[in-house]
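Hi there,

Here is the structure we talked about passing on. Have a look at it first, and then read my notes below.

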Amino acid sequence: MSAAGTPQPNSPQASGPDSGAVSGSQSHAPTAPANQPPRGNPLQSQQPNSNQPNHNQQRRPGPSSGGPNYGPGNGPSNGPGPGPNGARRDGGRDDRRDDRRPGPPTMEAARSRRSDPRDLIPAKPKPPKLSDVPDANGRFGKFGGRYVPETLYSALDQLRATYDEVSSDPRFWDDLSDLLRSFVGRSTPLYPAQRLTAFARSRSQTGEAATIWLKREDLAHTGAHKINNTLGQALLTRRMGKKRIIAETGAGQHGVASATAAAHFGFECDVYMGAEDVRRQKLNVTRMKLLGARVIEVESGSKTLKDATNEAMRDWMGSVEHTHYIIGSVVGPDPFPRIVRDFQSIIGRETKSQCLRLLNGLPAAVVACVGGGSNAAGIFYDFVDDTNVQLIGVEAGGRGNVPGGHAASLSAGSPGVLHGSLSYVLQDQFGQTADVHSCSAGLDYPGVGPEHSYWKDAGRVRYTAVTDDQALDAFTLLASTEGIIPALETSHALAEAVELAQKLPKDKHIVVCLSGRGDKDVDEASRLLALRSNKSR
Ligand SMILES: Cc1ncc(COP(=O)(O)O)c(C=O)c1O
């Protein structure tokens, strides 16, 4: 989908009044001002700075620390590398040059022979890895940051301090590992979708197609990837000594996952949900109530995810003392985008390890749908530095490229502030958040996580959009070819993967993040399919 026809406001700080009390506040603008024009390659601003701690490097419990399997950057799936306690997996074989024999001259030897002052110039620093974000200010290049009123600042600081503390605490990651194994049912399978692949082959001009594999997050407890994040944040809530959680939800999956975590830990739980989403995701409303949560229907604005997020943020401003806000995606002010990405990155670590085992190598491409961007960030993160793996994020193309007809923030938006961080946002020429549309409640959002904006501008991830009609076709296609009913959100990624498979040879492999199951969508999809067939008569 092209950006043509979409207004491009001048100010990157633009945000609509409906974007919540937090969206436009500059009272605590982080060091790097948001209105700075992009200077060249956004990666340049990420040069290592010895004065500033890098959260990623600080955070990752190293393999020799005895860290648990599910800690960030320390999964069972990191492939070859140091074994437990630093043991080498090659049995200790040392490939370094034997210094007793003469070999090619080394730099050190050359330097000691010559006294050319140019030899003293230090080697050019290596460019930073794309995965080494955010920086100490919560910035992903120029994106991210913290645009919130003062009332939230101390709660965000407390959350950041708590997360930094647990990052090097193996007990925290052990607790999370245990929960992910015994409560969620991880690891989720990587499944070869053979009949779906055969369908792609039947459509291909070459008679060949890449094999499509499904990372089955739909098989995780509660039926989607959202539970990976809510359990991690519930553990943080307990550490901070808070007793109540709140959440926003669109498709209801994050609401169900939050209500589930609350029931498990004995927290009080309130979930904000737009009235339109309450209508189209009824099953999940019933589930949340059964789990003991209170579902607060939001009647403002378009009555969808953006409005639910506004209300949840408002609640949090008045309740930070005893309440933690479990944000459901890689959005919001620092440190949320980093925390949610880390908790979801288990998807990519498992996928990588499964690919190395089942395919003997990495896939040609990884495809995921993008609402706020958490399942995509989760599966992409471990592949971001593997530049031979194509990463493709699929947004909601809705009814096509007409204003208010889609929710493709990265494909058609421009930098602006929404819900506490700077990222691509769909907005009008005055900076008012635009109306959006998608058949899928979980993608029906005018913003996206800041790390996706960073990946887009760096050219690392290709973002595309799939229409409601294409997603509905993929919804019925997966059900009839594989016996799996996907979520409508996920159906967007499936539609793109089937197209891509037709363009690749048969020895290639594509992994799709099957982010959730479609039980919640069967009524709405049936209604939309009936409407469509009535129209075509
Ligand atoms: C099954 C499923 N997939 C994807 C999404 C989109 O969210 P995100 O982009 O954060 O993964 C949702 C949101 O509710 C969802 O329920």
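Below is what turned up, going from the whole chain to the ligand, the core and two local spots.

Please keep in mind that this is a predicted model. The protein chain has 18 helices and 14 strands. Of its 537 residues, 53% are buried. Among the contacts with a separation of 6 or more, 78% are between residues 24 or more positions apart.

**The ligand**

You will probably want to start here. There are 21 residues around the ligand, and the ones that come nearest are Ser 329, Gly 371, Ser 374, Gly 442 and Gly 516. Helix 7 (253–265), helix 13 (374–380) and helix 17 (488–503) are the elements that give two or more residues to this shell. Helix 13 gives the most, with 3 residues. Sorted by class, the shell has 13 polar, 7 nonpolar and 1 charged residues. Where does the ligand lie relative to the two domains? Both domain 1 (140–183 + 226–340) and domain 2 (186–222 + 345–536) give residues to the shell, so the ligand lies between them.

**The nonpolar core**

The largest nonpolar core has 135 residues, and those touching the most other members are Val 367, Ala 368, Phe 380, Ile 510 and Val 512. Helix 17 gives the most to this core, with 8 residues. Domain 1 and domain 2 both give residues to this core as well, so it lies between them. If you would like one residue to click on, try Ile 510: leaving aside neighbours within four places in sequence, its contacts include Ala 210, Trp 213, Pro 363, Val 367 and Leu 500.

**Helix 12**

Helix 12 covers residues 346–358. At 1.5 Å a residue, its 13 residues should span 18 Å, which agrees with the 18 Å between its end C-alpha atoms. Its buried residues include Ile 346, Ile 347, Arg 349, Glu 350, Lys 352 and Cys 355. Just after helix 12, Asn 360 takes a positive phi of about 65°.

**Leu 283**

Leu 283 sits in helix 9 (residues 282–290). Is Leu 283 exposed, partly exposed or buried? It has 15 C-beta neighbours inside 10 Å, so Leu 283 counts as partly exposed. Leaving aside neighbours within four places in sequence, Leu 283 is in contact with Asp 519 and Lys 520. Leu 283 and Asp 519 are 236 residues apart in sequence, yet their C-alpha atoms are 8.0 Å apart in space.

Best wishes

How values were computed: Residues are numbered from 1 along each chain as its sequence is written. This is a predicted model: local features need pLDDT of at least 70, side-chain atom pairs count only at pLDDT 80 or more; totals for chains, interfaces and linings use all residues. A residue is near a molecule or strand if its C-beta atom, placed from the backbone, lies within 6 Å of it. Helices (H or I, at least four residues) and strands (E, at least two) are DSSP runs, numbered from the N terminus. Ala, Val, Leu, Ile, Met, Phe, Trp, Tyr, Cys and Pro count as nonpolar, Asp, Glu, Lys and Arg as charged, and the others, Gly among them, as polar. Domain bounds come from an automatic or database domain assignment. The expected span of a helix is 1.5 Å times one less than its number of residues. A residue is buried if 20 or more other C-beta atoms lie within 10 Å of its own, exposed if 12 or fewer, and partly exposed in between; C-beta atoms are placed from the backbone. Two residues are in contact if their C-beta atoms, placed from the backbone, lie within 7 Å. A nonpolar core is a set of buried Ala, Val, Leu, Ile, Met, Phe, Trp, Tyr and Cys residues joined through C-beta atoms within 7 Å.
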